[in-house]
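Let us walk through the interior of this protein, beginning with its nonpolar residues and then turning to its aromatic rings.

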Amino acid sequence: MKLLSKASLGFLAVSMSCVVGAFQLPFGSDAPVQQVESSRKDFISTSASVIAGAVLVHSQPAYARGRATLEQAYDRYTPRIIEGGKFYKGELYGAISKSNWKAIQAATAEPPKKSKEDRALQDGGVAKRAALAGGFSNARVLSAMDLYAGTFSDSSITQKTKAMKAEVETLREVVDGMNKAAKIALGEESAGGGLFGIGSKKPSTSELSKQVQELYIKGGNAYNAYVFAANEGLPVQLTKLPFL
């Protein structure tokens with residue numbers, strides 16, 4: 001399986017080998033035992049060296065809407081982003097390593113559509129629906145990542161915002177793919193149209209496990225690339241987001 005790729009973050013082309021090292025492929029009873037080359041410790045050390053030594057084309061800090069607005073957005077959105085990262089490398093990793101399809105489905109599930117009962121609540125059902133969203137879902141994590149990315153633009157969209165939003169879109173594809181695979185494994189949905197290029201027949205549990213592992217690696221790389229872009233040029237009084 002190809003684990004290394006290159007991603008342009010707008011300011012700097014970064015080798016994804018510096019972020020892929022944060023992960024090992026989850027493995028369980030029906031998945032192949034595979035590992036990537038670097039440990040999380042190696043990854044953190046390598047990333048710190050790359051970031052510290054990078055010479056950026058744009059040296060000005062990219063917080064277009066002003067420091068006060070950025071600080072408000074930081075306080076509002078980054079807790080969900082950070083918690084999402086912890087969930088990703090913790091609980092979601094554990095579910096994938098054990099091929100726990102119910103847990104994978106729950107982790108990536110979106111809340112039900114707003115009902116009449118929700119609209120009658122004081123907050124419009126926001127709190128109730130948020131509690132029903134998965135630990136690494138669009139509603140709980142990716143929407144916060146998207147909104148935080150927009151903070152770095154004003155009248156025109158900056159390269160920083162574009163880079164961050166591109167990684168969020170990758171993560172949405174990953175989350176949708178994991179959720180789809182879990183539903184197929186649980187018999188709640190058919191493969192249809194050759195999901196993951198496996199073919200029209202229902203894939204085996206082993207095949208689904210392998211594809212979800214690959215999605216996990218892809219998502220981890222995208223999350224770390226998002227963090228790299230988000231941290232670049234961040235005011236010193238704000239704590240940089242942690243890598244996975």
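In this predicted model, the largest nonpolar core is made up of 46 residues, and those with the most contacts inside it are Phe 136, Met 145, Tyr 148, Met 178 and Tyr 226. Helices α3, α4 (101-107), α7, α8 (159-185) and α9 (205-231) each contribute at least two residues to this core, with α3 providing the largest share, eleven residues. In soluble globular proteins, nonpolar side chains tend to be buried together.

Phe 136 is a useful place to look around: beyond its neighbours within four places in sequence, its contacts include Gly 84, Phe 87 and Tyr 88, as well as Leu 171, Val 175 and Tyr 223. Phe 136 also belongs, with Tyr 88, Tyr 93 and Tyr 216, to one aromatic cluster.

The structure holds five aromatic pairs. In one of them, Tyr 74 and Tyr 148 meet edge-to-face, with 6.4 Å from centre to centre and 65° between the planes. Because Tyr 74 lies in helix α3 (residues 67-97) and Tyr 148 in helix α7 (residues 138-150), this pair ties together parts that are 74 residues apart in sequence. Tyr 74 and Tyr 148 are both buried.

Tyr 148 also pairs with Phe 152: the ring centres are 5.2 Å apart and the planes stand at 80°, above the 60 degrees beyond which a pair counts as edge-to-face, so this pair is edge-to-face. Phe 152, like Tyr 148, is buried, and Lys 160 lies over the face of the Phe 152 ring, at 4.7 Å from the ring centre.

Note on methods: Residues are numbered from 1 along each chain as its sequence is written. This is a predicted model: local features need pLDDT of at least 70, side-chain atom pairs count only at pLDDT 80 or more; totals for chains, interfaces and linings use all residues. Side-chain values use heavy atoms; hydrogens and water are left out. Rings of Phe, Tyr and Trp (its six-membered ring) pair if their centres lie within 6.5 Å; planes under 30 degrees apart count as stacked, over 60 as edge-to-face and the rest as tilted. Helices (H or I, at least four residues) and strands (E, at least two) are DSSP runs, numbered from the N terminus. Buried means under 20% relative accessible area, exposed over 50%, partly exposed in between (1.4 Å probe, protein chains only). A charge sits over a ring if NZ of Lys or CZ of Arg is within 6 Å of the ring centre and within 35 degrees of the ring normal. A nonpolar core is a set of buried Ala, Val, Leu, Ile, Met, Phe, Trp, Tyr and Cys residues joined through side-chain atoms within 4.5 Å. Contact means heavy atoms within 4.5 Å.
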